[in-house]
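Q: I have this model open and would like to talk it through with you. Could we take it piece by piece?

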Amino acid sequence: MDENDLKYIQKTLGREINEIEKAMFENLWSEHCSYRTSKKLLRMFSKTINERTSKDIVVGIGDDAAVIRLKDNICLALAMESHNHPSYIDPYNGAATGVGGIVRDVLSMGAKPIALLDPLRFGDPRVEKVRWLIDGVVRGIGDYGNRIGVPTVGGECEFDESFNYNNLVNVVCVGLVKEEDIVRGKTKEKELSLILVGSTGRDGIGGASFASKDLTEESEEERPSVQVGDAFSEKCLIDAILEAVKTKKVKAMKDLGAAGLSGAATEMCLSGCELYLENVPLREPLTPYEIMVSESQERMLLAVEKGSEEEIIKIFEKYDLPAAVIGRTTDTGRIIAKYKGEVVVDLPISLLCNAPLYDREEEERILEREGRIEERVDLEEGILKLLESPNICSKEWIYSQYDYDVQLRTVIKPGRDAAVLRILETYPVGIALTADCNSRFCKLNPYVGSLYTVAEAVRNLACVGAKPLAMLDNLNFANPEKPDRFWQLKECIRGLADAAFSFDIPVVGGNVSLYNETVIDGKEYPINPTPAIALIGKIDNIEKVPGVLDNKVEEEDILIITNETKEEMGGSEYYKVLFNSEIGRVPRVNLEKEKEIYKKVVSLINRGLISGTKDCSRGGLGIALAKFCINNNIGVEVELDNYNINKLREDLLLFSETSGRIILAVKEENLNEVLKEIDGYVIGRVGGKELSIKINNNKINISLGEMKKVYEEAFPKMMGEL
């Protein structure tokens with residue numbers, strides 16, 4: 001514990017604190033739990049919740065999960081978390097328990113978990129340890145999610161050498177709940193009985209404080225801070241909790257995550273609580289110190305009506321889950337923990353839950369540099385090289401390890417711009433889910449990169465005809481004590497907030513993960529700033545989504561693109577892969593223009609006028625066209641001379657990553673109606689078995705088979721399986 005914090009605590013209390021109380025403060029006042037660096041900055045998101053955006057928010061920021069109304073009384077619970085440090089030290093268990101924790105956050109609102117997303121970041125896959133991390137993380141997510149019966153329906157996976165020593169594992173969970181069944185994670189009511197479900201062991205002690213510091217060469221020794229999950233117990237817990245909620249006797253509920261019982265009890269029992277630690281179900285003999293801060297998995301704390309304890313505990317016994325009354329809520333404003341009659345903790349909750357906030361120094365450092373690479377490569381070679389790059393190639397190797405069809409809701413599966421789920425209770429209304437972040441853009445220009453991140457996510461939703469309902473963010477950054485890293489954090493939050501406000505998207509929750517920086521032999525290895533986001537969208541009629549039912553891309557469909565292409569190559573995949581350079585201008589976002597583009601695309605899809613879509617992002621127009629062919633198993637013939645209104649060089653036109661562009665496939669009979677609605681450019685038509693592009697007397701012809709082979713085999717080759 002920081003010496004100044006200790007002095008402040010003891011001065012405020014007027015006494016010295018014991019070792020248990022000290023451990024509680026160390027965990028609850030950690031950056032991971034208290035957001036001491038970021039809390040003031042996060043207030044920038046408040047403007048996104050206003051008269052226009054708040055009408056469907058049922059539970060906003062501050063609970064284990066947000067809840068938004070989808071239709072009538074049918075609501076979605078949403079949460080996003082990270083498990084970064086644990087997943088570097090122990091990738092399998094770190095990733096698995098990350099899934100378990102986020103599922104319990106959604107469960108604690110009384111919601112049934114129905115979908116997961118996994119935004120991931122890894123280093124250079126040519127490095128053996130990075131491949132070991134990829135394998136462990138993907139197996140951990142897959143094994144845990146598959147066993148608990150919650151589908152992983154989407155996500156993203158970005159590679160950059162800045163993540164060599166700090167891979168990122170972010171997880172999103174969506175749950176389904178009727179408005180009348182929502183349970184809150186906080187209560188002021190006194191004389192409720194506290195029931196702890198699940199057994200407590202020695203694993204995970206100190207996890208919150210471990211996640212709040214840089215990794216070093218000695219971090220491997222902190223492996224005991226990584227929790228170990230049990231997916232079978234989690235599945236039983238999900239079913240038992242949902243059954244207990246139906247009794248209407250559960251008044252508040254909290255997952256035991258960071259800081260364990262200390263965190264759950266203080267965050268849930270706002271007016272005070274008294275705990276009897278000898279009643280806690282244990283896997284092994286533990287001291288009161290260990291009981292209070294253990295982060296053992298698959299545990300929940302419930303506040304239930306007095307007199308209903310036996311009824312609730314019988315439900316858990318039916319599922320072979322240990323459960324016991326371990327305390328009660330009070331009106332003292334304190335957390336008092338007793339062990340066999342002796343008071344071992346007596347602290348004011350207001351002090352435990354309100355760590356003093358930091359005012360960090362900041363230093364602007366924009367790394368974006370104007371310029372252009374004059375060297376050119378063969379355009380066909382450029383497309384094929386990009387198709388096999390880690391950031392663009394097929395991630396089927398990853399998502400094939402996930403059961404994305406369990407629960408039978410998944411309509412559009414992983415590998416596309418956004419996942420689409422049917423919600424039987426609201427059919428044909430459905431939901432779309434996507435996760436995004438271009439960390440390279442955010443490194444070069446944090447504010448602009450964050451605007452682009454939100455715009456790309458909205459664009460992905462538009463591709464499936466979805467209007468954004470809500471946004472979650474997971475702010476992954478390096479050491480905020482360094483002024484330039486703190487400035488990156490501030491600028492990224494500002495960018496996310498401005499973009500979300502412009503697109504009328506409320507930011508309803510998220511997570512902050514700092515100190516993603518490793519120090520080896522005195523040298524610092526910070527990650528790229530990575531403000532990963534998840535967007536949840538509403539689809540009015542999933543039967544109109546391109547690729548669903550008979551709404552398919554066919555020969556002779558006309559291709560339209562929705563925005564011009566500018567020379568914006570800074571941080572582009574083309575410059576990075578072909579020239580190992582990040583020079584150039586990062587793509588700017590015209591928020592008002594793009595808002596109108598995406599709104600019109602959604603309208604056209606919902607009117608059944610669009611048969612196919614493809615977002616233009618990494619790799620630019622050339623890669624978007626190639627992926628369009630691969631996804632639809634058909635060729636296209638494109639002529640770009642009339643489209644090239646900015647007279648760009650061929651490679652710049654093909655590989656610039658200008659924002660605001662979606663490729664639309666339209667039946668010829670619908671073309672005039674579509675062009676009346678949207679100010680797009682006709683660039684070609686669908687047909688044949690190759691990608692054919694004509695620019696400035698240059699002709700590109702690549703067979704569909706060659707593109708598919710490169711695109712689909714690249715990742716297994718990286719992992720040494722081909």
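Q: To start with a single residue, where is Asn 697 found?
A: This is a predicted model, and in it Asn 697 is found in the loop between β28 (690-695) and β29 (698-703). Its phi is positive, about 70°, although Asn 697 is not a glycine.

Q: And is Asn 697 buried or exposed?
A: Asn 697 is exposed, because its relative accessible area is 76% and the cut-off for that class is over 50%.

Q: What about Asn 633, which phi does that one have?
A: Asn 633 also is a residue other than glycine with a positive phi, in this case of about 55°. Its place is in the loop between α21 (620-632) and β25 (636-639), and with a relative accessible area of 38% Asn 633 counts as partly exposed.

Q: Staying with the backbone, which peptide bond is cis around Pro 428?
A: The bond from Tyr 427 to Pro 428 is cis, with omega near 10°. Pro 428 sits in the loop between β16 (419-422) and β17 (430-436).

Q: OK, zooming out: how many helices and strands are there?
A: The secondary structure of the protein comes to 24 helices and 29 strands. Of the contacts with a separation of 6 or more, 85% are between residues 24 or more positions apart.

Q: What radius of gyration does the protein have, and what would a compact globule have?
A: The protein has 26 Å, whereas a compact globule of 722 residues would have a radius of gyration near 27 Å, so the value agrees with that expectation. Along the principal axes, the C-alpha trace spans about 85 × 55 × 50 Å.

Q: How much of it is buried, and what is the accessible surface?
A: Buried residues make up 64% of the 722 residues. The accessible surface comes to about 25800 Å², and carbon and sulfur atoms contribute 45% of that area.

Q: How many positive and negative side chains are there?
A: There are 91 positive and 119 negative side chains, and the centres of these two sets lie 3 Å apart.

Q: Switching to aromatics, how many pairs are there?
A: The count comes to 14 aromatic pairs. One of them joins Trp 397 and Phe 715, whose ring centres are 5.6 Å apart with the planes at 35°, so this pair is tilted. An angle of that kind falls in the tilted class because stacked is reserved for planes under 30 degrees apart and edge-to-face for those over 60.

Q: Where in the chain do Trp 397 and Phe 715 come from?
A: They link distant parts of the chain, with Trp 397 in helix α15 (residues 396-399) and Phe 715 in helix α24 (residues 704-718), a separation of 318 residues. Trp 397 counts as buried at 11% relative accessibility, and Phe 715 is buried too, with a relative accessible area of 0%.

Q: Which residues form the aromatic cluster with that pair?
A: Phe 122 and Phe 159 form one aromatic cluster together with Trp 397 and Phe 715.

Q: Now the serines: where does Ser 262 lie, and what does Ser 262 touch?
A: Ser 262 lies in helix α10 (residues 260-268) and is buried, at 1% relative accessibility. Leaving aside residues up to four places away in sequence, Ser 262 touches Met 24, Leu 28, Met 292 and Val 293. Measuring from C-alpha to C-alpha, Ser 262 and Ser 294 are 8.8 Å apart in space, with their positions 32 residues apart in sequence.

Q: And Ser 603, buried or partly exposed?
A: Ser 603, in helix α20 (residues 591-606), counts as partly exposed at 27% relative accessibility. From C-alpha to C-alpha, Ser 603 and Arg 69 are 21 Å apart in space, and they are 534 residues apart in sequence.

Q: Last one, what does Tyr 339 touch?
A: Not counting residues up to four places away in sequence, Tyr 339 touches Leu 277, Glu 278, Leu 286, Pro 288 and Val 344. Its place is in strand β13 (residues 334-339), and with a relative accessible area of 24% Tyr 339 is partly exposed. Ile 102 is 237 residues from Tyr 339 in sequence and 31 Å from it in space, C-alpha to C-alpha.

Terms used:
Residues are numbered from 1 along each chain as its sequence is written. This is a predicted model: local features need pLDDT of at least 70, side-chain atom pairs count only at pLDDT 80 or more; totals for chains, interfaces and linings use all residues. Side-chain values use heavy atoms; hydrogens and water are left out. Helices (H or I, at least four residues) and strands (E, at least two) are DSSP runs, numbered from the N terminus. The radius of gyration is taken over C-alpha atoms; the globule rule is 2.2 Å times the number of residues to the power 0.38. Buried means under 20% relative accessible area, exposed over 50%, partly exposed in between (1.4 Å probe, protein chains only). Contact means heavy atoms within 4.5 Å. Accessible areas come from the Shrake-Rupley method with a 1.4 Å probe; for residues, only the protein chains shown count as cover. Lys and Arg count as positive and Asp and Glu as negative; His and the chain ends are not counted. The place of a charge is taken as NZ of Lys, CZ of Arg, CG of Asp or CD of Glu. Rings of Phe, Tyr and Trp (its six-membered ring) pair if their centres lie within 6.5 Å; planes under 30 degrees apart count as stacked, over 60 as edge-to-face and the rest as tilted.
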